[in-house]
Amino acid sequence: MADSYDVIIVGAGNGGLIAACALSQMGLRTLLLEKHNLPGGCAASFVRGRFEFEASLHNLPYVGPGAENGDIGMLFKRFGVERKFYPIPESLHFIVDGPEPFEFKAGVGREAFARAAEAVCPGAAEAFERFTAMCDDLNRGLAALSAARGRPDPDAMAREHPNYYRLASSTVDEMFEALELPELLRDILSVFALYQCGDTSKIDAARFMLMTDSFITEGASQTDLRSFGLSTALANSARRFGCDIWYNCEVSKICTDGGAVSGVQLSDGRKICAKRVVCNIMPHLVYGRLLDPAATPVMELKKANARTLGARAFCVFLGLDRDWRELGFRDYATFINSSIKNAEIIRNGGSRESNGDMSVNVLNAVVPDASPAGTCIVYLTAMFNGDAFADVTPDNYTEIKEAYAERLIARAERVLGVDIRNHIEEIVISTPVTYARYLGTPQGAVFGYSPEDWDGMMSRNMGEQAEKTVPGLYFAGGHGARLSGFSPSYMSGFMTAMRVAGEMRGGAPA
Amino acid sequence: MSQDLMRYAARMDLSKMGAIMPRRMAHIAQGAPVPPKLDYAANLTAKALHPKCQKLLVAEVIEREGGAKSFVLRAQEGGELARFRAGQFLSFSLAIGGSTITRAYSLCCPPSWAKQGKYMITVKPSEDGFAGNWICANWHEGTQVTASAPLGEFSYTRLRDARHILGVCGGSGVTPFCAMACAIAEGSEDYSLTLLYGSRDSDSILLGEELAALAQRCERFTLVNVLERGGGDESGYITTELIKKYMPEGDCSLFVCGPAAMMQAMETAIAPLGLPERRIRRKTYGVTEAALEADWPQEAAGKTFSLTVKMRDQTYTVPCASGETVLVAMERAGLEPPSRCRSGECGWCRSRLSAGTVYIPARTEHRRKADLAYGYIHPCCSFPTSDLTLCVGCE
């Protein structure tokens, strides 16, 4: 029957695409629905003149230096995704543009990082060893958990992997304090938290360490055809595995019958049946728009409202008509922050007025042929942890976005000593309004929910077991237990697919 | 190291693990038991700026030069319309005979009109054959029409372009410049425009009176009518020398808009100027025709191929003549594939070519690199050179 599937996936973002590959590869009749005309969600690109801009990917960890390494590299291999990855040569580079200027740059590898840290902070190398030793303990704990297939013996875990438990229930600042890291080393490492727009007094140490360790030890990569190359490859793999994918197809309702999911209704009124629906969209949208509130467990509504929205983004995409070196750029990635203190960076990040911090990425520095010879692609990205566009209207929008973009450009030029303004061949500015348009998320949030201390990785993981939504409804994506970003979204899609398949084999949904 | 590490690690409280879930539950309990809020300023602005479609009606028809007509459009339900930047277009969905087709028309009114709930477009029947003739014959006061949100990138951008634009246009290519002149005149955009506007003779200057009036009252807009048969500000064609003559001192951006044949001639005229690429913006007007392209494979001429179209769970087989685009073949057969700009740029019609070969004119090649690698095409600018199988809006 054409209008009936084993599983319907709503949203072809990173989580939805991976779930579609995994479920259809296992032989389940799978339908992937996407409201936009392209796969990928944030993992997309757009063309202006001679330039093709990446929509969101700055660094992809866990693909390893070769094709064989890393969780994400393994997923790609499993689904036959063969794209080229370029290693990013630095693990961290930032400039403090404030009263006390400071610059830190380290290559990839623990030794390289320790050397760079020791050079600016005597004693840092020894303290950093404690940090990496704890990272190793954390990874051993996770390996044991995964070997126990999610059903570990708690006593044995506490006995054999106590540091795993400690890190899982501590904040980053508590971990720094316990390990007695020198203040400057704490400040340096805290810059990694900005990848999650994270407050080190609130986010959990475990998630932070997993990410930081992978950036430092393995390094991150960029891919050859923008992240849209990965999205297109995944969509093609899903198709080969038998998955149907419909674009330009907006779901207007998730249907329930007798308290369980029964299918979806499309915006043209057509109904498609499935007892399992995986949402690669934020719970806010599912509970706020797609699901009958009467059919939604009250606790899920309360949870959605109790959570804090994740970061909102502002990005200036620049196609410049000179080679990047000629314009004065020296590195692929540079954070420019007003302060070295995470607390102050986070405090400033609430509004346009207070926040002028950004990350600068020069795509051609890692992907040499990203644009025609003699040109380059540069991105300036600012993140907000508040509703920085609360004052926007259709009439002041262009003025607001151009003024803020101009401010970022001027600061990048001054701090990096580069020439941008005289070489802009193409410029596109995306704002929370842009992300609200394409993703539909409240305030245009791009990072799901903020990993507050009560809603961090461990808390979400434990919650997943205990918190029940409508039977047959599942979530995948950057709002999940592994938090936001490319790798967590991919992994979330995979984990959800495994859960769906497991429950189908075991009979009724949990 | 291990013993030493334990000494540090022990300072982190192992028992806190047990507090995670009670703490989580306490926070969740504080949330309101209602559907979450979704209508923030960013969401409302996104919706107002980019509606999925706009239901309009013709409020006024104005006769123009040479049988052309301007149509003033208003929202069917009243109220404001989506804002636009001067130079943008609307893509109209038109049901003609048994076909539903799209056509893009540039807005040619002041940007402030959108807030007042109105737009204006101008249609020259002869230039856009089929659709233009049909619109001019069938749209009357009160006719209901469906349009996209304002689209397109042929607009002045403060952070990118020079403060002085030298516009070069012919025929309907004048319409985006008309909006720019209006924007400058009303003060909603801040740059200067000198327009070299090529027409056959003084009777065929589309929007000629409007533009002359704008130039009269607005110092920052200069109009130069270039008439093939003489009698204008300049006579003959727009040449390199003529562009040089009117090129302002200092920094300047060249904006060129016109039908395909004119655009090809203009490339030759522009080249000797030695302008950097960032100072040139182009927009091709009108229908894309294979026969106009120098490198179109002639052996395809006169042939009709078979086009198999997969749309979701339906499959259709339709004829596709070599000289027409794959998009037109689908529309002619009564299918409703997605499309907007019809010039290769917006990518809205992106579809997977699972079998067969097509010819794509180099100047309309704006596909993403991954689309080239994985066999996706923009049917609006692709011509068949064999039988084809196309997946439209699906995999």
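Across all chains of this predicted model, a search of the whole structure finds 62 salt bridges. One of them brings the side chains of A:E425 and A:R50 together, with N and O 2.7 Å apart. This pair ties distant parts of the chain to each other: A:E425 sits in strand β18 (residues 424-430) of chain A, A:R50 lies in the loop between β3 (45-48) and β4 (51-54), and 375 residues separate them. The two ends differ in how they are covered. A:E425 has a relative accessible area of 2%, so it counts as buried, while A:R50, at 37%, is partly exposed.

A second link of this kind joins the side chains of A:R83 and A:D224, at 2.9 Å from N to O. Here A:R83 comes from the loop between α2 (71-78) and β5 (85-87) of chain A, and A:D224 from the loop between β8 and α10 (226-240), 141 residues apart. A:D224 is buried, because its relative accessible area of 12% falls under the 20% limit.

In chain B, you can look at B:R200 and B:D201, whose closest N and O atoms are 3.8 Å apart in a salt bridge. B:R200 is partly exposed at 42%, whereas B:D201 is buried at 16%. Elsewhere, salt bridges with shared partners connect A:E300, A:K303, A:R307, A:D455, A:R460, A:E467 and B:R24 into one network.

That network includes a residue of chain B, which leads us to the interface. Contact between the chains involves 110 residues of chain A and 68 residues of chain B. Together they bury about 7,700 Å², with carbon and sulfur atoms giving 60% of that area. On the chain A side, A:R166, A:P394 and A:W454 lose the most area to chain B, yet together they make up 8% of what that side buries. The interface holds 16 salt bridges, and one joins the side chains of A:E426 and B:R160 at 3.8 Å from N to O. There are also 41 residue pairs in polar contact across it, both residues being at pLDDT 80 or more.

Now let's turn to the inside of chain A. The chain is divided into domain 1 (7-43 + 69-76 + 224-308 + 450-505), domain 2 (105-219) and domain 3 (311-443). Taken over C-alpha atoms, the centres of domain 1 and domain 3 of chain A are 30 Å apart. In this pairing, 8 residues of domain 1 are in contact with 10 residues of domain 3. The two domains bury about 730 Å² between them, 67% of it on carbon and sulfur atoms. Within domain 1, A:K35, A:R226 and A:L285 lose the most area to domain 3, together 49% of what that side buries. The count of salt bridges between these domains is 0, and 1 residue pair is in polar contact.

For a closer view, find A:Q222 in strand β8 (residues 221-223) of chain A. With 1% relative accessibility, A:Q222 counts as buried. Its side chain makes a polar contact with the side chain of A:Y332 at 3.2 Å, and a polar atom of that A:Q222 side chain lies 3.5 Å from the backbone oxygen of A:H58. Other residues that A:Q222 touches include A:L57, A:F85, A:L363 and A:V366.

Finally, strands β6 (residues 90-96) and β7 of chain A run antiparallel, joined by 6 bridges, and a hairpin of 5 residues connects them. A:I95 has A:E103 as its bridge partner in β7. In a regular strand, side chains alternate between the two faces of the sheet. Strand β7 (residues 102-107) has A:F102, A:F104 and A:A106 on its covered face, and A:E103, A:K105 and A:G107 on the uncovered one.

How values were computed. Residues numbered from 1 in each chain as written. Chains lettered and ligands numbered in written order. Predicted model: local features only at pLDDT ≥ 70, side-chain atom pairs only at ≥ 80, totals over all residues. Heavy atoms only, no water. Helix = DSSP H or I, 4+ residues; strand = E, 2+ residues; numbered from the N terminus. Buried < 20%, exposed > 50% of the residue type's maximum accessible area, 1.4 Å probe, protein only. Polar contact = N/O pair within 3.5 Å; in protein donor to acceptor, adjacent residues only side chain to side chain. Contact = heavy atoms within 4.5 Å. Pairing = 2+ DSSP bridges. Domains from an automatic or database assignment. Buried area = accessible area lost by both parts, 1.4 Å probe. Salt bridge = Lys/Arg side-chain N within 4 Å of Asp/Glu carboxyl O. Lists of a residue's contacts leave out its neighbours within four places in sequence.
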